[in-house]
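Dear colleague,

I am handing over the structure below, and my notes on it follow directly after. Please read them alongside the coordinates.

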Amino acid sequence: MIEARHLRVLRTVAATGSFSAAARELGCTQPAVSQQMKALEASAGTPLIVRTGRETRLTEAGEVLVRHATGILAGLTAAEEEMAAIAGLRAGRVRLVSFPSGSSTLVPTALAALRAAHPGTRVSLVEAEPPASAVMLREGDCDVALAFRYGGSAAEWDDLVVRPLLVDRLVGVVPEGHRLAGAGEGAGEGEGASERAGTVAIGELADEPWIAGCPRCRKQLVDACEESGFTPRIDFATDDYPAVIGLVAAGLGVAMLPELALEAVRPRGVRTLTVEPSVHREIVALTLPDLAQVPAVAATLDQLVLAAAR
């Protein structure tokens with residue numbers, strides 16, 4: 001009989017490429033990893049791993065078993081969590097992964113409400129941009145993934161439970177003294193006028209140097225610009241939104257940022273512009289079908305939905 005603990009070891013060996021690296025990842029000894037692999041191969045009745053020097057590679061049978069292991073282990077985790085919640089042993093745990101602007105806006109509100117309603121639920125948080133966050137979810141490294149996509153293929157998350165949260169518009173960001181900083185009738189009037197300007201066509205920024213974000217955002221920027229007849233000259237690229245604001249404020253370029261990202265930073269020295277044609281990203285919470293039935297995971301999803309509605 002194949003044991004879950006052996007599957008976890010096999011998956012770690014496949015991910016790290018060697019017994020010694022897997023041992024470090026699992027916090028055990030290399031002989032222990034080797035022993036568990038021998039037991040798994042005995043249960044399977046066929047070799048699963050071929051060792052070549054210090055490295056390992058999967059046999060065809062090993063590749064098949066690793067492919068199935070993720071779903072098996074996710075199902076076991078879901079069952080354990082749900083039974084524990086029903087038995088009243090603990091309220092559960094949730095491993096959450098989020099992109100940075102979601103971590104600083106939606107996540108704090110959702111987790112504060114979750115803790116108030118379910119004080120026994122333990123939540124951990126790490127950051128990753130999509131599509132890496134969805135990969136982490138499929139590989140069993142998290143329970144809920146906060147992610148986004150621009151238009152994208154509807155099939156991208158077909159195997160996952162998708163909870164829509166909000167549609168986030170992208171806005172242009174230019175230095176305070178920029179020629180377009182006064183665009184629109186409302187510029188220079190009322191509270192916040194030092195930051196907020198009007199509406200421009202993206203083509204009006206065709207000759208500007210650009211500051212781009214994460215790879216997915218960078219691709220969307222290039223696509224949006226090319227649809228308007230030009231290719232942006234990207235001088236800087238950074239995933240750090242305060243860094244983007246600082247670079248723009250220093251006059252080193254212009255950018256397009258999600259409104260959610262602007263909520264998380266203090267945009268000093270810049271003006272925001274409504275850019276046409278408009279660009280939006282869909283923000284969602286993702287989980288696996290089995291995990292969606294776990295009370296702690298379901299409660300986390302519900303709180304993320306409520307946080308996005310505020």
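Glutamine 303 is placed in helix H11, residues 295-309, where helices (H or I, at least four residues) and strands (E, at least two) are DSSP runs numbered from the N terminus. Its relative accessible area is 13%, so glutamine 303 is buried (under 20% relative accessible area, with exposed meaning over 50% and partly exposed in between, for a 1.4 Å probe and protein chains only). Leaving aside residues up to four places away in sequence, glutamine 303 touches Ala110, Ala113 and Leu114, a contact being heavy atoms within 4.5 Å.

This is a predicted model, in which local features need pLDDT of at least 70 and side-chain atom pairs count only at pLDDT 80 or more, while totals for chains, interfaces and linings use all residues. Residues are numbered from 1 along each chain as its sequence is written, and side-chain values use heavy atoms, with hydrogens and water left out.

The largest nonpolar core (buried Ala, Val, Leu, Ile, Met, Phe, Trp, Tyr and Cys residues joined through side-chain atoms within 4.5 Å) has 56 residues, and those with the most contacts inside it are Leu137, Val144, Leu146, Leu165, Trp210 and Leu286. Helix H11 gives the largest share of this core, 6 residues. Apart from it lies another core, of 16 residues, including Leu10, Ile49, Val66 and Ala69.

Turning to the aromatic rings, there are 2 aromatic pairs (rings of Phe, Tyr and Trp, the last by its six-membered ring, with centres within 6.5 Å; planes under 30 degrees apart are stacked, over 60 edge-to-face and the rest tilted). The rings of phenylalanine 99 and phenylalanine 148 have centres 5.0 Å apart and planes at 85°, so this pair is edge-to-face; phenylalanine 99 lies in the loop between strand E3 (93-98) and helix H5 (100-103), and phenylalanine 148 in strand E5 (residues 144-149), 49 residues apart. Phenylalanine 148 and tyrosine 150 also form an edge-to-face pair, because their ring centres are 5.8 Å apart and their planes at 80°. Phenylalanine 148 is buried at 0% relative accessibility, and tyrosine 150 is buried at 11%.

The charged end of arginine 281 sits over the ring of phenylalanine 148, 4.5 Å from its centre (CZ of Arg or NZ of Lys within 6 Å of the ring centre and within 35 degrees of the ring normal).

Finally, the peptide bond from proline 130 to proline 131 is cis, with omega near 10°, and a cis peptide bond also joins glutamate 276 and proline 277, with omega about -5°.

With best regards
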